[in-house]
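Visitor: I would like a close look at a single part of this structure, the place where its chains come together. Please take me through it in one connected account.

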There are 2 protein chains.
Amino acid sequence: MRAMTQTQERPLFYSVIIAGGTGTRLWPLSRARYPKFLHALTGSDSSLLQATANRLTELSPAERTYVVTGVAHAAAISRQLPQILEPNILAEPTQRDSCAAIGLAAAVIAQRDPEAVIGVFSADHLVGDQQRFTEVIEKAAEVADRGFLVAVGIEPTRAEEGFGYLRMGEEVQPGVALVAEFKEKPSREIANAYLEAGGYLWNAGMFVFRADIFLEELGRHKPALRDALTRIGQAWDSDGREQTIDEFWGGLETISVDYAVMEPCAVGGRLVAVPADFPWSDIGDFHSLGESLPNDDTDNLVLPGSDQVVLRDVKSSVIVSTTGRVIAVVGMDELVVADTNDALLICPRGRAQEVKLVIESLRQRGHDQHL
Amino acid sequence: MRAMTQTQERPLFYSVIIAGGTGTRLWPLSRARYPKFLHALTGSDSSLLQATANRLTELSPAERTYVVTGVAHAAAISRQLPQILEPNILAEPTQRDSCAAIGLAAAVIAQRDPEAVIGVFSADHLVGDQQRFTEVIEKAAEVADRGFLVAVGIEPTRAEEGFGYLRMGEEVQPGVALVAEFKEKPSREIANAYLEAGGYLWNAGMFVFRADIFLEELGRHKPALRDALTRIGQAWDSDGREQTIDEFWGGLETISVDYAVMEPCAVGGRLVAVPADFPWSDIGDFHSLGESLPNDDTDNLVLPGSDQVVLRDVKSSVIVSTTGRVIAVVGMDELVVADTNDALLICPRGRAQEVKLVIESLRQRGHDQHL
C-alpha cells in the first residue's frame, strides 16, 4: 500500500463518497430501500460502496473519508463501513440533488479544515485498476491545489450514448486541459464522431477541488444555495445543527452540480479535466454489469457465485441472485436473470434498459412495495 | 349433473385414481415430495388430483371412488379430497409399478363387491370435455360388463412421439375394436404414418374392466402376482392387513400393467379399445401444459394468475409460479419460467424436455433436497 504524499506545505486530501440514487435500471436488485451501492455487484463479497471505500484508502485515511447519503441509508452504510467515523457520515434530511450533497460535504469539511482538498466519488461505480486510479486522483489533487476545479473524465472506449461528455480545450499543463464545453448525452452518430475525433471524455461525476474554491464558485453562480449550505456547515458540529437544518435545508435549490457550478465554471475557464485511463463502469444496467465484470468461459456472469446455478447451453448471459435458490437455465443467449426474494426479472441483455418501463407498470398496478 | 344409469341388473361402477409418479419433466414444480398431481395446473384453483376426482363424480359417488398412492402422499391426498372415504385411499408401502397399484385396487374392491366394474384414471391428466368424457367411459363400462378388458385410447390429434400407441383390429361392435397390437413410442416418421393411416390410438393408461376378469387375466399371465395381491385384498379389511402386507408386498413383481396384463390380453384377443375424442393431455412437460390450457391474447399461459406478473412483448410463453413473487419478463417468445421457493427454471418451450438433464446435473452436485 502506498500512502499519498502529504507534506506540511500541501493541503490535506479528503474523499467524499456520494451514496445516493437507487439505480432503478438494476431493478429488482436495486430498490428505493436497498439501493445499488449496498449490493455486492463487484465480483467479490464487497458491496459497491465497500469497494469504493477500499479504493480510497490509499488517498485518504478513514478520518478524512466522508459519505453523504439520505437519512434512510445512514444505518446500512454505518454497518457496511464500520471504519468510517460517525461524524463523517453526513445524512441529508431529504434529497436535493448533487449540488446540495457535494456542497454539504464542502461546507462541513471546510469548517473542519479550511485548506481541505476534496475528491468526490460515486458509491456505485466500478474501477478496474487500483494503482492507476490512485495516480490519476493524485494528479487531479495537485491540479486542484493550484485553484482549479478538476473533473476527472473517463477516456471513452466505445461510442456510448448513455453518458454526458466533456470537450477538452486548451492545455494548462501536460495532460490537463480546460473543459471547453459540457455535452449532453449524444446520439449514436455523434457519440461515434466524438470517439473518432478524440478530445472528449465521459463525465463520470468525479471531481476534485479545494473546498473553499468550490464554495466560492457556488457563491458566484448560486449565492442563496452557497449561503444556506455555509450556514448549515457552520452549525454542523454545534448544538445548533438540527435547528439550522430545519431552517435552511427545505429551501435548498434542487439542482445538479453540473448545472449549478461545473458548466458555469467551464464557461469561465476555471474548470479543467484530467483524463482517466483506468477501466471504469457506472453499472447503469445489467448489460453493462455483464461487460464490467470477469465472465466464465461461455461469457456468462453469475453473481454471487455458481454453486446453485445450472447452465446448459447458455452464453453471454448475466445471472444475479440474492436468494440462494437453485437457478437452472437451458438454451439461452444474452439473457438477464435478476432473482430476489420478492421479485424476478427475465429479459434480453439488449433490452435491459426497459426495466424502467416494468417499474412504471408495477407502479400503476400499486405494487409500491416492490419498487 | 347426470348420474350414470345403474340398474339392479348391471354391476356397479368404481373409479380408481392412480396417484403415482413425480412428473420430473415438470421440475421444479413437481418434486419427489410434492408430485405433479397435487399442483393446480388446471387453469383453476383445483389441483390435477381434485380436477380428476371432480370429473368422476358423474360416474361414481364418493363411496365408490378410490385413490391408490404411496404412503408418503396419502395425507396430502386426504386433505385435497376430503370427500373420499378413508377406506378408499389405498396406500402402497413401496412403489411396485402400475400392475401392483391397479391389482391392489382390483383385489380390494373385488373383496368388497365381487361384481365391481372398475375404471382406472391417472391423477395428473387433463380432460377438456366433461360430458364427452362421461359418455365415453359409460360406453367403455358397458363393453367391460360383457367381459372384455377395455383400453380407452385417445384419438391422435398430432404426430406425437412421446406416447405409446394402440393399433386397432377387428370391430367387436360399432366403434369398439380389438386391440391388435401395442406400439412403443414411435419415431417422428412412424408417428406421422400412424396419424395419416388412422386406426391408431394413444395409450393413455386409461382402462375399464370387471375386477374379477382383471384378476383372472392377471392370474393367467402372472400367477404369483395375482395370488399375492388376492391375499392382500382378502386381508385388507381385517385385523391381518399389516401382517399380510408385510408378508407379501415386498415380493411383488415390479412391472407395468401393459406388460403384465394388457399386451398378453391383446395377443389373446381379450382387450378392446374404445376411442376417446375428448381433449386430453398428460401434461408431460411445460410445453404441453402451454398447449393444454387456455392462453391469453398473446398466447401466454400464466399460472396461477397474472396479478403479479408483468409481461412486456412476451408471446407463446408458459409462466408458472408458486411463490407469489413479482415476475417481470421482457422481450421473449416461447419461454418457460417455472418459479418455486427454492428453485427456478428458465428454458425455451422447445427444450422443456431437457429438464431431465438439469435434474441429473443437480443430483450429481448433491442437490438432492431440490429434486
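Guide: What follows is an account of the contact between the chains, the sheet found there, and the charged pairs and cysteines around it.

This is a predicted model, and each statement below should be read with that in mind. The contact draws 38 residues from chain B and 38 residues from chain A, and the area buried between the two chains is about 3,000 Å², with carbon and sulfur atoms giving 62% of that area. On the chain B side, B:Arg325, B:Val326 and B:Ile346 lose the most area to chain A, and together they make up 22% of what that side buries.

The sheet comes next. Six strands drawn from chains A and B form an open sheet with mixed pairing, in the order β12(A)-β14(A)-β16(A)-β17(A)-β15(B)-β13(B). Its edges are β12 (301–303) of chain A and β13 (309–315) of chain B; each has a single partner strand, so one side of each is left without a neighbour in the sheet. From one strand to the next, the twist averages 5°. Within the part contributed by chain A, β14 (residues 318–321) and β16 (residues 335–339) pair in the parallel sense over four bridges, and A:Ser321 stands opposite A:Asp339 of β16(A). Helix α11 (residues 355–364) of chain A lies across strands of both chains, namely β17 (343–348) of chain A together with β13 and β15 (326–333) of chain B, and runs at about 135° to β13(B).

Charged side chains add a further set of links, with six salt bridges counted between chain B and chain A. In one salt bridge, B:Asp313 meets A:Arg351 at 2.8 Å, N to O, and this pair crosses from strand β13 of chain B to the loop between β17 and α11 of chain A. B:Asp313 is partly exposed, with a relative accessible area of 41%, and A:Arg351 is also partly exposed, at 24%. A salt bridge is likewise formed by B:Arg351 with A:Asp313, where the closest N and O atoms are 2.8 Å apart. Salt bridges that share partners join A:Arg312, A:Asp313, A:Lys315, A:Asp333, B:Arg351 and B:Glu354 into one network.

Within chain B, the side chains of B:Lys315 and B:Asp333 meet in a salt bridge of 3.8 Å, N to O. B:Lys315 lies in strand β13 and B:Asp333 in strand β15, so the pair ties together parts that are 18 residues apart in sequence. Both are partly exposed, B:Lys315 at 39% relative accessibility and B:Asp333 at 49%.

Finally, the cysteines: the count of disulfides over all chains comes to zero. The case of A:Cys347 shows why no bond is assigned to this residue, because its sulfur is 18 Å from the closest cysteine sulfur, in B:Cys347, which is too far for a bond. A:Cys347 counts as buried, at 0% relative accessibility. B:Cys99 is in no disulfide either, as the nearest cysteine sulfur, that of B:Cys265, is 10 Å away, and B:Cys99 is buried with a relative accessible area of 0%.

Technical notes: Residues are numbered from 1 along each chain as its sequence is written. Chains are lettered from A and ligands numbered from 1 in the order in which they are written. This is a predicted model: local features need pLDDT of at least 70, side-chain atom pairs count only at pLDDT 80 or more; totals for chains, interfaces and linings use all residues. Side-chain values use heavy atoms; hydrogens and water are left out. Two strands pair if DSSP finds at least two bridges between them. Helices (H or I, at least four residues) and strands (E, at least two) are DSSP runs, numbered from the N terminus. Axes are lines fitted to C-alpha atoms, for helices over the stretch in contact, and angles run from 0 to 180 degrees between N-to-C directions. Contact means heavy atoms within 4.5 Å. A disulfide is a pair of cysteine sulfur atoms within 2.5 Å. Buried means under 20% relative accessible area, exposed over 50%, partly exposed in between (1.4 Å probe, protein chains only). Buried area is the accessible area (1.4 Å probe) that two parts lose on being put together, summed over both. A salt bridge is a side-chain nitrogen of Lys or Arg within 4 Å of a carboxyl oxygen of Asp or Glu.
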